[in-house]
Amino acid sequence: MVYVCFFAAICASGCRSATERPNIIFILTDDQGYGDLGAHGNPFLRTPNMDQLYHESVRFTNFVVSPSCSPTRAALMTGKHEFRSGVTHTVTGRREMSLQSTTLAQVLRSAGYSTGIFGKWHLGSNGAYRPEKRGFDISVTSVDDTQRSHFDPVLLFNGEERQTRGFRENILFDEALQFIENNKEGPFFCYIPTYSPHAPLIAPQEHIDRNDGNVFYAMISNVDDNIGRLMQKLKELQLDENTVVILINDNGGTWGVDKYNAGMRGCKGTPWYGGTRAFSLWRWPGQLEPRNIEDLAAHVDLLPTLAELAGDGLREEMKKSLDGISLLPFLTEEGKALSDRMVISHKGRWPDGEGEVEAHKYCFCSVHWNNYLLVRSQTCGRDDCRGECRVFQRVIDGSTSTGYSKKADFHYAVNPRRLWALYNVKHDPAQQHDLASEYPEIVQKMSGTYEQWWKEVFPHIHREAEDPRWSQDYEPKQEK
């Protein structure tokens, strides 16, 4: 194994100890958009604790995630595009993450971290796919990761059902805080992927009243309160300065995009900038200087970054399989530029059936490169398609209300079939000015990268049914 020890380098310039590795807390909110944050200018929503975290963090302002839930979670956990792990949807049968993929939890546990997940896993609900079989010492989730578990939920504690009382997010944060206290000698990795503010929209009444009846904002407000509790707990346990806290949202905006979406076109489930841009906040007092980083970064960067942060390395074979890069040099060295990279998004969600993957190769996909976004937001062209094309077909047919928006002609816009559109999202976040005809060489470069990427990921999409590693009952070998 090749070891890459970040701490040996930075500790020479003031870190307390080369052997004192930081604790890691990673909070992932569900269906909160980039614009659903007070610090991003939302005039309707107060998020004081997230805002404080924002001001105390390194902030990646051009951070890309997948268009929906399970795909983003797979990319975060593996450092690879979700298609490489066979995750192409959020439904059973297409959200189970390949057992051949090594998870972030496995990497950190091998590095000596205690690991816990408190919330939405959504990468397999049974057998070897459950989180306690994928590297987590402690796992607290809802049954089958159901979203319909707001009050007094039955939760799974390492797979065992237990009746609980109270509001779900409060309970999950309670369990996370207990895990932190139990492991305060560290190091620990605490993963808190909330179920809120994903629909159904249900929240404690005090938060509904605080947000003038807006239940979506109330759910975010509740998460914000819990983040405040978490930060206070770190101070009480004197863990604040040796704990990295990361906050990211899992996909584009949802029920808030019509009120405020930071000027962007697009929402969850679309290839537009508003469908794949996320906030990405990294706080580590005394080590990371709060500032904005405008270079392109993505969800696939989490695993390699935290592996290096943990002071442990990755096998060369695993490094070569990753799409992500370590962000540590850019987090710690102000002015250092990220590599000239491209990040590719694809909605997936094609219907099951022979030939459907190929038929949807160009449906709802995008390529990010620096501030450029290359987009194909188009259906497969078949009237009888039973996949997500139906949502966009309604817009083509003249509907102005579909999915998460009553401005569907804007957020669910469709561009001409067989054509790529090009935008500079830094100057044109609403993506109103197509630059494709002005910069054909850029279109060719980015679309060529997409073609090569498709050739690489296509074999991973088609699972081999006879491979025992895809069985729900398969038990992987214990880690050494």
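## A strand covered on both sides

Start with strand β15, where both faces are covered: Cys365, Val367 and Trp369 sit on one side, Ser366 and His368 on the other, and all are buried. That makes five buried residues out of five, so β15 (residues 365-369) is largely enclosed by the rest of the structure. Keep in mind as you look around that this is a predicted model.

Who are the neighbours of β15? On one hand there's strand β14 (residues 342-346), joined to β15 by five bridges and running antiparallel to it. Here Met342 stands opposite Trp369. On the other hand there's strand β16 (residues 372-376), which also pairs with β15 in the antiparallel sense over five bridges. In that pairing, Ser366 faces Val375, and Val367 has Leu374 as its bridge partner. The hairpin of β15 and β16 has two residues between the strands, and Asn370 takes a positive phi near 50 degrees there.

## The sheet and its helix

Zoom out a little and you'll see an open sheet of four strands, in the order β14-β15-β16-β17, with antiparallel pairing. The edges belong to β14 and β17 (421-424), each of which pairs on one side only. From one strand to the next, the twist averages 20 degrees. Helix α15 (residues 440-461) packs on this sheet and touches β14, β15, β16 and β17, its direction making about 65 degrees with that of β14.

## Helix α5 and what covers it

Now for another part of the model. Helix α5 (residues 168-182) has 15 residues and reaches 21 Å from its first C-alpha to its last, close to the 21 Å expected at 1.5 Å a residue. Its buried residues are Arg168, Glu169, Ile171, Leu172, Phe173, Ala176, Leu177, Phe179 and Ile180. What covers them? The cover includes β1 (23-29), β4, β5, β6, β8 and α7 (215-236).

As a rule, an α-helix has 3.6 residues a turn, so residues three or four places apart point the same way. You can try that idea on the buried residues of α5, including Phe173, Ala176 and Ile180.

## Salt bridges across the chain

Side chains of opposite charge can pair when their charged atoms come close. This structure holds 26 salt bridges. One of them ties Asp250 to Arg73, with the closest N and O atoms 3.1 Å apart. That pair links distant parts of the chain: Asp250 is in the loop between β9 (243-249) and α8 (273-276), while Arg73 is in helix α3 (residues 69-78), 177 residues apart. Is Asp250 buried or exposed? Asp250 is buried, because its relative accessibility is 0%. Arg73 is buried too, also at 0%. Both belong to a network of salt bridges that links Asp30, Arg73, Lys120 and Asp250.

Two other pairs are worth a look. The side chains of Arg94 and Asp352 meet in a salt bridge at 3.0 Å, N to O. This one also links distant parts of the chain, with Arg94 in the loop between α3 and α4 (104-110) and Asp352 in the loop between β14 and α12 (356-359), 258 residues apart. Arg94 is buried, at 9% relative accessibility, whereas Asp352 is exposed, at 64%. Then there's Arg341 with Asp301, at 2.8 Å, N to O. Arg341 is in the loop between α11 (328-332) and β14, and Asp301 is in the loop between β13 (297-298) and α9, 40 residues apart. Both of these partners are buried.

## Unusual backbone spots

Most residues other than glycine have a negative phi, and most peptide bonds are trans. A few places here go the other way. His122, in the loop between β4 (114-118) and β5 (138-142), has a positive phi of about 65 degrees although it is not a glycine. His122 is also buried, with a relative accessible area of 8%. Asp145, in the loop between β5 and β6 (154-157), has a positive phi of about 55 degrees and isn't a glycine either. Asp145 counts as buried, at 7% relative accessibility.

Where are the cis peptide bonds? One joins Ser196 and Pro197, with omega about 5 degrees, and another joins Ala199 and Pro200, with omega about 0 degrees. Pro197 lies in the loop between β8 (188-193) and α6 (205-210), and Pro200 is found in the loop between β8 and α6 as well.

Notes
Residues are numbered from 1 along each chain as its sequence is written. This is a predicted model: local features need pLDDT of at least 70, side-chain atom pairs count only at pLDDT 80 or more; totals for chains, interfaces and linings use all residues. Side-chain values use heavy atoms; hydrogens and water are left out. Buried means under 20% relative accessible area, exposed over 50%, partly exposed in between (1.4 Å probe, protein chains only). Two strands pair if DSSP finds at least two bridges between them. The expected span of a helix is 1.5 Å times one less than its number of residues. Contact means heavy atoms within 4.5 Å. Axes are lines fitted to C-alpha atoms, for helices over the stretch in contact, and angles run from 0 to 180 degrees between N-to-C directions. A salt bridge is a side-chain nitrogen of Lys or Arg within 4 Å of a carboxyl oxygen of Asp or Glu.
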